[in-house]
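Welcome! Here is a short tour of the pockets and aromatic rings in this structure. Take a look at it first, and then read on.

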Amino acid sequence: FLSLVYGGMLLEMSAGIDIFAEAAPEWRDAVAAALERFRRPDGGYARTEEGAGSSTYYTFLMTLCNQLIGREPPGRESIITFVRSRQRDDGGFVDLAPMPRSGTNPTAAAVGTLRIFDQLDEALRSDVTEFLVERQNDEGGLTANTRIPLADVLSSFTGLLTLCDLHGEQELDLPAFRRYVESMEQPDGGFRGASLDPASDVEYTFYGLGAMGLLAGSGRR
């Protein structure tokens, strides 16, 4: 459902194609109302309508979806408070409340949400930058968390994107990062997700191309 909205908005912004042209005039209000069914008392959004606990990642997706359709979710401050509650002492963020260790991707989701609400202060920038830079391993890419030894292209892309948003990408060893991403590209034109993967993958190809685009952009700053 969210991918349909994202895809439709991207088509409209990039090519002027409105796939919702024949939808009911109030479709945006209907989408916003549907998203609120996932809202929980802690201020965040759950993965499913039946889910008891909120997810940092899904809170980001719901907030982004609202932004794309020109709506601001009710209880703005409660969303901000919820997201900040998911930060841990290592500077990163977790997806679910019981998790003790931060992850690269939940951290990217948290920063993305706070950025939408213009809530990125210097303390947060410093903490998150340090956490993400520490995720770069000897391969040159970023790992998903402290317990996973191998880098992956998804974590590398989301980590670099977040660091670019925080103006901290130069803290990485960017030549090593580039070598890692390039090493994941396969002869068929796709990208593997990690060094142990035997073949390229459509989703990781998106992340690989995104990472290369970000590297090109950081070189022009």
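## The largest pocket

In this predicted model, the largest pocket holds about 1100 Å³ of space. Its lining is made up of 31 residues, and the closest to the pocket's centre are Tyr57, Phe60, Leu61, Leu64 and Leu161. If you sort the lining by class, you will find 19 nonpolar, seven polar and five charged residues.

Which helices help to line the largest pocket with at least two residues each? They are helix H1 (2-15), helix H3 (56-68), helix H5 (104-116), helix H7 (153-165) and helix H9 (202-219). Among them, H5 gives the most to the lining, with eight residues.

## The second largest pocket

Next, turn to the second largest pocket, which has a volume of about 160 Å³. Here 13 residues form the lining, and those nearest the centre are Met99, Arg101, Gly103, Pro106 and Asn145. By class, the lining of this second largest pocket has five nonpolar, five polar and three charged residues.

## Aromatic rings

Now for the rings. How many aromatic pairs does a search of the whole structure find? The search finds six. You can also look for a cluster in which ring pairs link Phe157, Tyr204, Phe206 and Tyr207.

One more ring is worth finding on your tour: the face of Phe131 has Arg135 lying over it, at 4.7 Å from the ring centre.

Methods: Residues are numbered from 1 along each chain as its sequence is written. This is a predicted model: local features need pLDDT of at least 70, side-chain atom pairs count only at pLDDT 80 or more; totals for chains, interfaces and linings use all residues. Side-chain values use heavy atoms; hydrogens and water are left out. On a 1 Å grid over the protein atoms alone, a cavity is a set of points where a 1.4 Å probe fits but cannot get out, and a pocket is an open set with protein on both sides within 12 Å along at least five of seven lines; lining residues have an atom within 4 Å of a point. Grid points are joined across faces, edges and corners, and a volume is the space filled by probe spheres set on the points. Helices (H or I, at least four residues) and strands (E, at least two) are DSSP runs, numbered from the N terminus. Ala, Val, Leu, Ile, Met, Phe, Trp, Tyr, Cys and Pro count as nonpolar, Asp, Glu, Lys and Arg as charged, and the others, Gly among them, as polar. Rings of Phe, Tyr and Trp (its six-membered ring) pair if their centres lie within 6.5 Å; planes under 30 degrees apart count as stacked, over 60 as edge-to-face and the rest as tilted. A charge sits over a ring if NZ of Lys or CZ of Arg is within 6 Å of the ring centre and within 35 degrees of the ring normal.
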